[in-house]
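Here is a short note to read beside the structure. Keep the 3D view open and go point by point.

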Amino acid sequence: MAAYRRVGLLCLSALTLLQTFSCVTSKTLNKDPMINGGFNNANNGMNQKRPFQARPAVVDHQQQQQPQQPAQPQQHRIAGTGSLVRIAESPECRGDVKRFCGSSIAQNNFGLMDCLQNEVKPNEVTLECQHFLWQYKKNLTTDIRFESASWEVCKHDLEMLEECRKLKAGEGQIIPCLMENQHNISGQHCRQFLVKMESIVFSDYRLLKPLLDSCHTDIVATKCGRFGSSLQAEQEAQLHSHGAVIGCLEDNIKKLNGSCRFQMMRIAELQADDYHLDRPLFYACRDDRERLCPETPSGGGRIYQCLFRHKFERDMSEECRQRLIIRQRLIGENYKADKTLSDACDEDIKQYKCLGGGPNLMFAKRAAILLCLEGVQKTGGHVAGKCVAEMTEWRKSLMSDYQISPEIVVDCQNEIGTLCDGLGAGGKTLHCLMSKARRKPGERHDHVLGEICMRAIEDLLKEADVGEDFRIDQSLVEACSDSVIKYCGDIPAGDARVMGCLMEKLEKDILDNDDECAEHLLEIQYFVARDFKLDHRVYKHCHKDAARLCGAQDKWVVQGSTDLDPGPLVLPCLYRHIVHHDKVERSCRNEVKRVMRTRAMSINLMPEIEEQCIQDLGQFCSEGTGQGEELRCLQDRYDELTGDCQEAVSNFTEAEDADINLDVILMRACMPMIKIFCQDMLDEEDEEDIMECLIENKNHAEMNGKCAAGIEHHQLTSLKDFRFNHKFKENCKTSVLTYCKDKKTKYNVVSCLSEIVRNDTLFEEKHRITKPCRRQLRFELLQRSENIELDPDLKKACQRDKEEFCDHIEPGRAKVIECLKKHQKKLTKPCKKLLFVREEVEVKEGADYALMNNCKKMIKVYCPHSEPHQILDCLKQHQTEDDFDQRCHRTVIERQIMQNKDYRLNPQLQEACTQDVPKFCRSALAKTPSDLMEGKVIACLKKQFKINRLSQKCEMYIREVIHDAALDYRQDPVLANACKDTIKEQCADALVQQPDNKVNEAVPDEKGAVEECLKKLLKQKKIKEDTCAMEVSRIIAEGQIDVHIDPLLHSACVSDIRHHCSDVKPGQGQVMSCLLSLLEDNVRITPACKEKLQQRKEMWELAAKVAPPESLKEVMEGMSTSPSRNYFLGVLVTIIGVIFIMGLSCGRVTKRVRLDKNK
């Protein structure tokens, strides 16, 4: 039926032309029997139908009985002869007509041509008949009378077409010229005439005079044909008849010279309307058309589109498929070769000036048109729906078949042949090339693809705009369809939404990295990462900021060029501006952060790092293959990297600290922890503080091990350069540049700044370091005190000590550092010295991690508004509260012990006794090495306290020290050191013991039981060490000074003090004197107080015997501090008075004796 329709249409056109010629110039037609006969025969065959058979066979013709007009016998003049014959009666074609066309159209020369050219394969028609038909067609196109007829039919249009009007008649150029300008022809009869002539002209390139003139050299060079007029030459060149030369030139379109290429583009454009005019494709696809597109009408490029859609079906013949690929390549060179695309998008192309300017604007490449219209869409312009549909079909075709892209075929032919040969259709070859562009994690070699091929793939991906809609890539659709349904089923396609959803699942490790879907996603993302324009959402929201801040092109494509921006640095550039809080649109900030998180999955997606670190990756990081592992490896080996690689890694690590989301491994491990500990910051999108929050909770009981390990890696990495800590860098950059500009590593910078802060604090000078920097510095110091691994200098100085004393302790939670502190007396000199420096910084800056961590709850309850360096004193004041946490309490006691050993670690004491220490303890400082203080200065101050020589502030502080030491002997380091063996052997019952019966030094004796034990032993004379006995005597004597510093006595007598001594001011032993007077006067007091007072009185007397004054000064000091000092004073006055009287008496006697002698 299709054949019937075509014959009917052709005959109708011929009849119309005949009628036109009859009206215009019947004289001309009558003069030319060849022309007239052709159209008359067409008229005779109007009502004839013949069945169509695809295979050559003798047709059993069945003519329908319908009235016909009598046919006039017409003969045809063949060039070189004077005979006039019908085609059906010519000796050359008689047999072919009978075999293939039947007698029903024997009188219709045009019908016979249609039959022999279109319904029969070329190699089935005899060479003699082919030659006869060619001569016949040549006469039609070159005979001046025929051209005269065209002038009559197309007179109005020729007058408008100057280029055709000026052509010389008789050279076969006028008809091709009219065809080339068919889109500008308005006359209906002229258009019908040209439609009929197209099927004649396009059957052989030699009928196209301009093509013959322009492509002579190329036909020879490409071996697409040969020239000759003899029958032998025609027989030798039979493969080049029926348009095969045009087909061969189409196949070599990229190799043609400019003028020939121009002619081929014009031909492709003229063929766009009807596939019959593309003779090689028509012959190759006749059967496929009948089988796959039987209901698709001819015209408007519809047959092409139908065949394109079926190109990869199994039923499609390989010959047809190859011709379709060639056709699509031609469309790539000239978008007008696709009738449906050019018609659908014509208005948009004109409106948005997609043709640009210049001499070749008539043959704009398909890529230029697609890129132009895509750019319109991306910047908010409107493109007609029918045009968008055609663009989408082409984008799908580009991703499905690399062969339709001439640049890929030519520029990647070596790579395809060696790496991706034989993979078939459906985009597999293209994805193979894309996969070879990626260096797989762990591989040592550089990119396999050449630079030219890489460029061609980039161009193709941009033309296809693959990042906008995942449905464009059929391979991706097939690989990810299940994942899309499972994870992204509720997300509408388009605007890169589904692609973004899949990448999010890949980031969260929901999609397996080795999955085919993940592989295809990463192959596309590899190229997207190298041109920000390929990310639809980023370009949509950021193209203006990218142009303003990073020098990117403001337009999707520059008119007149399809070259892409290299653009691998645009995204990092935008991100730097975002981090530095430059003015960037909010929507752009969100998109850039999203893309940067995606890129962080793999070095492949970070060209700014991969290109600089390719050698380092091969040398150091060939084993890590998981998400983010290569980057982590580079960070771990940072100090060993080459210069350019180190700088690239440095830039990214700095950005990573500003946005925790860029640390893929950390985020995967820590997201549940962030939701537990840092939800508020997550809601507020405060990425900078999230890391600090995680660090603060690193050792929380609910923190999982993987997250803690990730946090620690982040901390260790940030030590290598202070810039790796974004918040620290921003807050301290001025101070660093001013005071520590020669320091690079963060721990050196922190040490430098902390020393300045310490000196300013000690000398009470105005702080040179800004307050925000000091605040950030304290946080850094807290981190350092948490883990010895974060303090490289201390780790190096104490390595041997750590192995000897703390080898069984895991780093973290300040455990190793606390262990070293407990063994401080045994440490090597370098370790002890540096450890003291660290302790000094901790107390002055309030950067004591163990204290802050163990007392976190108590700080919130009792000291929420205290400055960091005041927190320990605040906790001291509340540690006796009933609800005070015992773990915190133990830590506070340990810090008190430490401060009592070395006054330099006690800023409050230094402040209170700033004048007393140099005044009274200079000799003690001179005699004691700086690393062996062991409470010597405090002991010195206690002696001055006994004789009431301290300043008011210092006296108050020392009173508290003595009071606390009375409850816990360890807070008196001199006593603890002197009596350690006695305590261990004879006072073990007074110590809190663990289940393993070992003394737990971390738990204090809170009731003074050890002191009472020692006093009892002294009374019983069971203390063997003289130094211990002396120290016990000392603490007994100290108790005489003030009842308030003897907590046990004070507790026993508190009601009596309130009742009898409430009007006595504390201090200088006045309350104690009051109590003793009550005891001596037998005033009724509570039994417990009376018993305690009696015991204390006995102890004081014993202490005086055990530790008698060693000098007159000590005697005087002892008497002045004794509660019985008035008694002693009275005795002393009496003694002095007796001596005075005796002196007077003796003096008079001695004087009388001398006088007697003189006499």
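The points below cover aromatic pairs, charges over rings and one pair of helices.

1. First, the status of the model. This is a predicted model. Keep that in mind throughout.

2. Start with the aromatic rings. Rings pair if their centres lie within 6.5 Å. By this rule, there are six aromatic pairs. Take Y304 and F308. Their ring centres are 6.4 Å apart and their planes sit at 25 degrees, so this pair is stacked. The reasoning rests on one cut-off: planes under 30 degrees apart count as stacked.

3. Now place that pair in the chain. Both Y304 and F308 belong to helix α17, which spans residues 302-309. They are four residues apart, and so about one helical turn separates them. Buried or exposed: which word fits Y304? Y304 is buried, at 3% relative accessibility. F308 is buried too, at 11%. The cut-off here is under 20% relative accessible area. Add W394 to the picture: Y304, F308 and W394 form one aromatic cluster.

4. Next, turn to Y638 and F724. Their ring centres lie 5.2 Å apart, with planes at 80 degrees, so the pair is edge-to-face. Planes over 60 degrees apart earn that label. Where do these two residues lie? Y638 is in the loop between α33 (629-636) and α34 (643-658). F724 is in the loop between α38 (705-718) and α39 (726-739). The pair therefore ties together parts that are 86 residues apart in sequence. Y638 is buried, with a relative accessible area of 3%. F724 is buried as well, at 2% relative accessibility.

5. Look for charges over rings. R530 lies over the face of Y526, at 3.6 Å from the ring centre. R768 lies over the face of Y739, and here the value is 5.7 Å from the ring centre.

6. Finish with two helices. Helix α19 covers residues 339-351 and helix α20 covers residues 366-378. Their axes come within 11 Å and cross at roughly 50 degrees. How should we describe α19 and α20 relative to each other? They are oblique. The reason is simple: angles under 35 degrees would count as roughly parallel, and 65 to 115 as roughly perpendicular. The crossing of α19 and α20 is left-handed.

7. Check which residues make this contact. From α19 come L341, C345, D348 and I349. In α20, they meet R366, I369 and L373. Select these residues in the viewer to see the two helices meet.

Methods:
Residues are numbered from 1 along each chain as its sequence is written. This is a predicted model: local features need pLDDT of at least 70, side-chain atom pairs count only at pLDDT 80 or more; totals for chains, interfaces and linings use all residues. Side-chain values use heavy atoms; hydrogens and water are left out. Buried means under 20% relative accessible area, exposed over 50%, partly exposed in between (1.4 Å probe, protein chains only). A charge sits over a ring if NZ of Lys or CZ of Arg is within 6 Å of the ring centre and within 35 degrees of the ring normal. Axes are lines fitted to C-alpha atoms, for helices over the stretch in contact, and angles run from 0 to 180 degrees between N-to-C directions. Angles under 35 degrees count as roughly parallel, over 145 as roughly antiparallel, 65 to 115 as roughly perpendicular and the rest as oblique. A crossing is left-handed if the near helix is turned anticlockwise from the far one by less than a right angle, and right-handed if clockwise. Contact means heavy atoms within 4.5 Å.
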